[in-house]
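Thanks for making time this morning. I would like to walk through one structure, moving from a single residue outwards, and then turn to how much confidence goes with each part.

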Amino acid sequence: MTCDDVKLLMHAYLDDELDAAQSAAMIRHLQECTACAASYDAYSRLRKALAQPGLYHRAPEALRERWSPVQRTAEPVVMLPSRRRRAPLAYAMAAGFAAALLLTSPAWITALRQRGVDNNPIVAEAISSHIRSLQAQHLMDVVSTDQHTVKPWFEGKLDFSPRVKDLAREGFPLIGGRLDAIDGRSVAALIYKRHLHVINLYQWPADSSVTAQSEVQRHGYTVIRWTAEGMRYVAVSDVSAGDLKQFVLAFRNDAGMPATRPLP
Amino acid sequence: MPTDSHAISPATDNIHSASFEAHVLPCLDAAYNLARWLARNDADAQDVVQEAMLRALRYFDSFHGTDARVWLLAIVRNTYYTLRIKTPQGSLHEPLDEDAHALVDAGPSPETLTLLAVDIGTLQLALERLPPPLREVLVLRELEECSYKEIAAITEQKIGTVMSRLARARERLKAELTCPPQGGTSP
């Protein structure tokens, strides 16, 4: 292998794309030729520099929310104009397509309606938000098992002060918090664990005084909604319905009190 | 619509959309990363991804492969180039001067080695200055960790072309980092 061969094949070698024979020849050459070895070293450093996570652009929240399953069907036309620098053509195509989607795919709409009384878009939204939260690096914005760290973290990020309770003694340790969006507004999401399962608890100020607690099962997830002391709560998890009920009971009772108070 | 349950097949459509959600939505970060590096600003990148996702949803039937990421990234790339052609007032006008800048690979100087060790901002600017054909292979390889075969599929090129472009891109990037262009937009 000559230095000229090496110059090109070095990159395939760096990328682990050479076959065994060529790799062996490359290794031999790099041991003998200091110039090529130095060059290899420089490219290795370059690769390492490019691997810094800061260079990777993750999708912004706005985009992620636009593509959460519910909002894509329910409000694409509302979401789109909020973008300021949209190319007119892209905008027209997007709006046209969204309209076509709504016209031609009644399944999306029926999917939202099929649950009859339980047809609350918040349920679907909470489930998809829960699923999204389980994807890599999306679960928590603030990682702490201490409610006195999690609660102040929300300060200034929301227009209300969420109730944060650690329920470790009841078997639901608090592991962190996150900002999320439900029903078109920013909400606080508290993350609890039950064994290996994650429970997301969303809360935001209630705009009506509905107090009945409701429980919905969908796609293997349990969603419990309730309103208390002017706050709307939605708990989502794949733990058993009984466990989630117990969690809600623990949260609704003052922390530390035995979870025996009957629900309204 | 209970009145006309035979005309539509919600079950199929539900499976379809669930499959889209399961396969394509997890690739949103990858799609945005590629779009962001091609467009080099957030607003254009979001436009490209939004449009690409709509196309992906539209043509999801044609996805028969196993790797939705490669499929989606190819759509993102095509979307970027078509949107760019259709909006010529855009700021993106570099010629694809693959043969300009004859490569003078003088081996690593001590400066190279220190430069490479520091400053993510410099690295970002240097990468953004690369012409798109070089930038995209580098982003796909180094940030997205695609194999040559995957890059070839995404960019519709031969594997040999991918390899030589990657070599060229790295040489060029190294040169930029060793001796940044004078008078330009250096930080």
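Before anything else, I need one cut-off, because the first argument rests on it: a residue is called buried if 20 or more other C-beta atoms lie within 10 Å of its own, exposed if 12 or fewer, and partly exposed in between. Please also keep in mind throughout that what you see is a predicted model.

Let me begin with Leu134(B), which sits in helix H7 of chain B. Leu134(B) has 22 C-beta neighbours inside 10 Å, and therefore it counts as buried. Setting aside the residues within four places in sequence, the contacts of Leu134(B) are Arg165(B), Arg168(B), Ala169(B) and Arg172(B). A further pair to look at is Leu134(B) and Ala167(B), which are separated by 33 residues in sequence and, from C-alpha to C-alpha, by 9.1 Å in space.

Widening the view to the helix as a whole, ten of the twelve residues of H7(B) are buried, so the helix is largely enclosed by the rest of the structure. The buried set includes Leu134(B), Val137(B) and Leu143(B), but also charged side chains by name, among them Arg135(B), Glu136(B), Arg141(B) and Glu142(B).

What happens in the loop that follows, between H7 (132-143) and H8 (148-155) of chain B? Glu144(B) lies in that loop, and with 21 C-beta neighbours inside 10 Å it counts as buried. Beyond four places in sequence, Glu144(B) touches Ala30(B), Asn33(B), Leu34(B) and Val139(B). Of these, Leu34(B) is 110 residues from Glu144(B) in sequence, although their C-alpha atoms are 8.3 Å apart.

Glu145(B) is found in that loop between H7 and H8 as well, yet with 11 C-beta neighbours inside 10 Å it counts as exposed. Glu145(B) also takes a positive phi of about 55 degrees, although it is not a glycine. As background, most residues other than glycine have a negative phi.

Chain A offers a second case of this kind, in Asp183(A), which is not a glycine and has a positive phi of about 55 degrees. Asp183(A) lies in the loop between strand E2 (174-182) and strand E3 (185-194) of chain A, and because it has 16 C-beta neighbours inside 10 Å, it counts as partly exposed. The two strands form a hairpin with two residues between them, and Asp183(A) belongs to the turn. E2(A) and E3(A) run antiparallel and are joined by eight bridges, with Gly176(A) standing opposite Ile191(A). On another pairing of E2(A), strand E1 (residues 142-143) of chain A is antiparallel to it over two bridges, and there Val143(A) stands opposite Gly176(A).

Now to a place where the two chains meet. The axes of helix H1 (residues 3-14) of chain A and helix H9 (residues 159-178) of chain B come within 9 Å and cross at roughly 100 degrees, which means that H1(A) is roughly perpendicular to H9(B). From H1(A), the residues Leu8(A), His11(A) and Ala12(A) meet Met163(B), Ser164(B), Leu166(B), Ala167(B) and Arg170(B) of H9(B). By character, the residues of this contact are five nonpolar, two polar and one charged.

For chain B overall, the secondary structure comes to nine helices and zero strands. Buried residues account for 40% of its 187 residues, and of the contacts in chain B between residues at least 6 apart in sequence, 70% join residues at least 24 apart.

Finally, confidence. The model scores ipTM 0.77 and pTM 0.52. Chain B has a mean pLDDT of 78, with 69% of its residues reaching 70 or more. Among the elements of chain B, helix H2 (residues 28-39) has the highest mean pLDDT, at 95, and helix H5 (residues 110-117) the lowest, at 51. Over residues 1-10 of chain B the pLDDT stays under 50, and the model has seven contacts for them beyond four places in sequence. Residues 183-187 of chain B are likewise below 50, and that stretch has four contacts in the model beyond near neighbours in sequence.

Technical notes. Residues are numbered from 1 along each chain as its sequence is written. Chains are lettered from A and ligands numbered from 1 in the order in which they are written. This is a predicted model: local features need pLDDT of at least 70, side-chain atom pairs count only at pLDDT 80 or more; totals for chains, interfaces and linings use all residues. Helices (H or I, at least four residues) and strands (E, at least two) are DSSP runs, numbered from the N terminus. Two residues are in contact if their C-beta atoms, placed from the backbone, lie within 7 Å. pLDDT is the predictor's confidence in each residue, from 0 to 100. Axes are lines fitted to C-alpha atoms, for helices over the stretch in contact, and angles run from 0 to 180 degrees between N-to-C directions. Angles under 35 degrees count as roughly parallel, over 145 as roughly antiparallel, 65 to 115 as roughly perpendicular and the rest as oblique. Two strands pair if DSSP finds at least two bridges between them.
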